[in-house]
Amino acid sequence: MPPTDCIFCRIARGEIPAMKVLDDDACLAFLDIAPLAEGHVLLIPKAHAQTLDQLSADQAAAMLRHLPALVKAVQAATGCAGVNVLQNNGKAAHQEVPHVHFHVIPRNPGDAFGFNWPAGKYPAGRAEQLVQAIQDELSR
Ligand code: AMP
Ligand code: ZN
């Protein structure tokens with residue numbers, strides 16, 4: 001999707017409104033329009049990138065440095081008991097808006113939001129194979 005049509009690029013350019021809580025040269029944070037809980041915030045880079053892997057380390061750092069304060073502020077402002085930071089990449093991972101964003105989601109015991117977390121187990125030798133494959137990719 002070209003940045004001209006991207007809804008979060010349009011928010012970053014001020015073409016459509018958003019309830020902003022943070023705004024600097026590199027990024028923006030605003031209330032999610034359809035919150036999973038009151039105070040659900042999205043943190044985005046101003047430059048268009050579809051998925052996290054498309055950001056440079058510097059672009060990611062410029063955005064993620066705000067996360068600790070943002071989590072703390074959302075927690076204090078809403079009085080929630082916990083916070084999920086969630087970041088979806090690709091349709092298979094439930095990404096609906098193809099512009100990188102981190103969800104900051106207030107959580108409370110018994111709230112309606114939840115994960116299906118089907119924890120698995122590696123067969124013998126598979127974990128070692130995966131460690132090698134991931135390390136090979138990281139060293140490219
Ligand atoms: P994801 O499924 O990770 O792509 O999440 C996209 C999020 O963007 C959803 O939680 C939407 O409610 C939110 N969203 C979509 N359009 C807007 C908008 N104009 N302003 C604020 N949040 C939005
Ligand atoms: Zn965009």
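This is a short talk that walks through one protein structure, from the overall layout to a strand in the sheet and then a metal site.

Okay, hi everyone. Before anything else, please keep in mind that what you see is a predicted model.

Let's begin with the whole thing. The protein has 140 residues, and 30% of them are buried. If you trace just the C-alpha atoms, they span about 50 × 40 × 25 Å along the principal axes. The accessible surface comes to about 9100 Å², and carbon and sulfur atoms hold 57% of that.

As for the parts list, we've got four helices and five strands. Going along the sequence, the order reads α-β-β-β-α-α-β-β-α. What about contacts across the chain? If you take contacts between residues at least 6 apart in sequence, 52% of them link residues at least 24 apart.

Now, my pick for today is strand β3, residues 41–45. How many of its five residues are buried? Five of the five, so the strand is largely enclosed by the rest of the structure. You can check that face by face: Val41, Leu43 and Pro45 sit on one side, Leu42 and Ile44 on the other, and all of these are buried.

So who are the neighbours of β3? One is strand β2, residues 27–31, which pairs with β3 in the antiparallel sense over five bridges. To find that pairing on screen, look for Phe30, whose bridge partner in β3 is Leu42. Another is strand β5, residues 102–107, and here three bridges do the joining, again with the strands running antiparallel. Your landmark for this one is Val41, bridged to Val104 in β5.

Let's step off the strands for a second and look at a couple of loop residues. Asp25 is in the loop between β1 (20–23) and β2. Is Asp25 buried or exposed? It's exposed, since its relative accessible area is 78%, and the cut-off for exposed is over 50%. Asp25 and Ala47 are 22 residues apart along the chain, with 9.9 Å between their C-alpha atoms.

Compare that with His66, in the loop between α2 and α3 (67–78). His66 is a buried residue, at 13% relative accessible area. Leaving out residues up to four places away in sequence, His66 touches Leu22, Asp24 and Cys27.

Right, on to the metal. There's a zinc ion, ligand 2, and which residues hold it? They're Cys6 and Cys9, each through SG, plus His48 and His99, each through ND1, at 2.0 to 2.3 Å. The four donor atoms subtend angles of 104 to 118 degrees around the zinc ion, and that makes the arrangement tetrahedral. Written as a spacing along the chain, the donors go C-x2-C-x38-H-x50-H.

The two histidines are worth a closer look. His48 comes from the loop between β3 and α2 (57–64), while His99 comes from the loop between β4 (82–86) and β5, so this pair ties together parts that are 51 residues apart in sequence. How exposed is each of them? His48 is partly exposed, at 26% relative accessible area. His99, on the other hand, is buried, at 0%.

So, to wrap up, if you take two pictures away, make them these. Strand β3 is largely enclosed, with five of its five residues buried, and the zinc ion (ligand 2) has a tetrahedral set of four donor atoms. That's me done, thanks!

Note on methods
Residues numbered from 1 in each chain as written. Chains lettered and ligands numbered in written order. Predicted model: local features only at pLDDT ≥ 70, side-chain atom pairs only at ≥ 80, totals over all residues. Heavy atoms only, no water. Buried < 20%, exposed > 50% of the residue type's maximum accessible area, 1.4 Å probe, protein only. Helix = DSSP H or I, 4+ residues; strand = E, 2+ residues; numbered from the N terminus. Pairing = 2+ DSSP bridges. Donors = N, O, S within 2.8 Å, 3.2 Å for Na, K, Ca; no water. Tetrahedral: all angles 85-135°; square planar, octahedral: opposite > 155°, others 65-115°. Contact = heavy atoms within 4.5 Å. Areas by Shrake-Rupley, 256 points an atom, 1.4 Å probe, with all protein chains shown as cover.
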